[in-house]
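Good morning. I will take a few minutes to go through one structure that is new to this group. Please have the sequence and the model open while I talk.

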Amino acid sequence: MSGSEVNSKARTVTLHMVSSLDGFIAKKDNTVSWLDSPGDIYERGVSISAEEAAAFVKTIDCYVLGSRTYEHALELGWPYGDTPTVVVTSRELSPVKKSVQFYSGDLKTLVDVNLAPRYRNIWLVGGAMLCNRFLELGLVDKIKLMIAPVVLGEGLRLFGSLPEQRWSLRNVVSYKNGFVELSYSAVTA
Ligand SMILES: NC(=O)c1ccc[n+]([C@@H]2O[C@H](COP(=O)([O-])OP(=O)(O)OC[C@H]3O[C@@H](n4cnc5c(N)ncnc54)[C@H](OP(=O)(O)O)[C@@H]3O)[C@@H](O)[C@H]2O)c1
């Protein structure tokens, strides 16, 4: 096995998104109140403390996002701290922080050549367009899908047109607030 193969195997790309019950990740008007917690409504669910959430976020080595998600994140308030973040875009955008870099070009090269040698735990956090491209190219190792207890009726679809892909369920976590997190890993031939 060559050095670059070792590196590309060592990395894990996790696609993380929050979806409505009917498979939308954003409303047409881009408002996000549908993501608000309805409070503790499911007794058998778990809850995580702010400290636990912060400790978990620290395990993420790098975020990857599409430019529209980047622009929306800037409007809402930057959620990625100082963790290295790569924004995929063909435009000249200005970085909000030193930790932000822009990338344009082949996505396999981005993952295998630019990211894998430096980062192990890579999180792809949207949006729909970029996640679709990653899935098409077979660049996603794990999917973590949070299902929000709401039907939106319309909006931006979680996944667009893709060839059939099988995923293996690894974990299910139900939260007290009624959100459910499904974790899958890629089925390798
Ligand atoms: N619910 C959730 O978990 C969640 C998560 C993330 C985002 N969102 C929402 O999703 C929406 C944004 O999603 P989106 O699907 O519209 O857009 P997106 O995937 O965030 O960004 C699309 C943009 O990324 C760039 N891009 C994608 N693939 C590329 C490639 N192969 N090469 C070069 N550039 C590429 C292009 O940027 P340029 O046009 O600049 O070239 C493209 O216009 C927002 O409303 C956001 O809030 C929701």
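**Strand pairing, ligand shell and one loop residue**

I start with a single pair: L169 has Y184 in β10 as its bridge partner. The pair belongs to a run of seven bridges between β9 and strand β10, residues 180-186, and these two strands run antiparallel. Before going further, I should say that this is a predicted model.

Now the overall picture. How many helices and strands does the chain have? There are five helices and ten strands. The radius of gyration is 17 Å, close to the 16 Å that the globule rule gives for 189 residues, so the chain is as compact as a globular protein of that length. Measured out along the principal axes would be the wrong phrase for a model, so I will say that the C-alpha trace is computed to span about 50 × 40 × 35 Å. Of the 189 residues, 21% are buried. Among contacts with a separation of 6 or more, 73% are between residues 24 or more positions apart.

Back to the strands. In what order do the strands of the open sheet stand? The order is β5-β4-β3-β6-β1-β7-β10-β9, which makes eight strands, with mixed pairing. At the edges are β5 (100-103) and β9 (167-174); each has a single partner strand, so one side of each is left without a neighbour in the sheet. From one strand to the next, the twist averages 20 degrees. Helix α3 packs on this sheet and touches β3 and β4 (85-88), and its direction makes about 105 degrees with that of β3.

Next, β1 and its partners. With strand β6, residues 121-124, β1 pairs in the parallel sense over four bridges. Within β6, W123 is the residue opposite T14. Strand β7, residues 142-147, also runs parallel to β1, and six bridges join them. Two residues of β7 can be picked out here: M146 is the bridge partner of V18, and I147 is the bridge partner of S19.

I147 also leads on to the next strand, since it has V180 in β10 as a bridge partner. Between β7 and β10 there are six bridges, in the antiparallel sense.

Now the ligand. Which residues are the closest to it? They are G66, R68, T69, G126 and G127, out of 25 residues that surround the ligand. Five elements give two or more residues to this shell: β1 (12-19), β2 (24-26), β3 (62-66), α3 (67-76) and α5 (128-136). By class, the shell holds twelve nonpolar, ten polar and three charged residues. Note that α3 appears here as well as in the packing on the sheet.

Last, one residue outside the strands and helices. L137 sits in the loop between α5 and β7. Is L137 buried or exposed? It has 12 other C-beta atoms within 10 Å, and the cut-off for exposed is 12 or fewer, so L137 counts as exposed. Apart from neighbours within four places in sequence, L137 is in contact with L107 and K108. L107 is 30 residues away from L137 along the chain, and their C-alpha atoms are separated by 8.2 Å.

That is the end of my part.

Note on methods:
Residues are numbered from 1 along each chain as its sequence is written. This is a predicted model: local features need pLDDT of at least 70, side-chain atom pairs count only at pLDDT 80 or more; totals for chains, interfaces and linings use all residues. The radius of gyration is taken over C-alpha atoms; the globule rule is 2.2 Å times the number of residues to the power 0.38. A residue is buried if 20 or more other C-beta atoms lie within 10 Å of its own, exposed if 12 or fewer, and partly exposed in between; C-beta atoms are placed from the backbone. Two residues are in contact if their C-beta atoms, placed from the backbone, lie within 7 Å. A residue is near a molecule or strand if its C-beta atom, placed from the backbone, lies within 6 Å of it. Ala, Val, Leu, Ile, Met, Phe, Trp, Tyr, Cys and Pro count as nonpolar, Asp, Glu, Lys and Arg as charged, and the others, Gly among them, as polar. Two strands pair if DSSP finds at least two bridges between them. Axes are lines fitted to C-alpha atoms, for helices over the stretch in contact, and angles run from 0 to 180 degrees between N-to-C directions.
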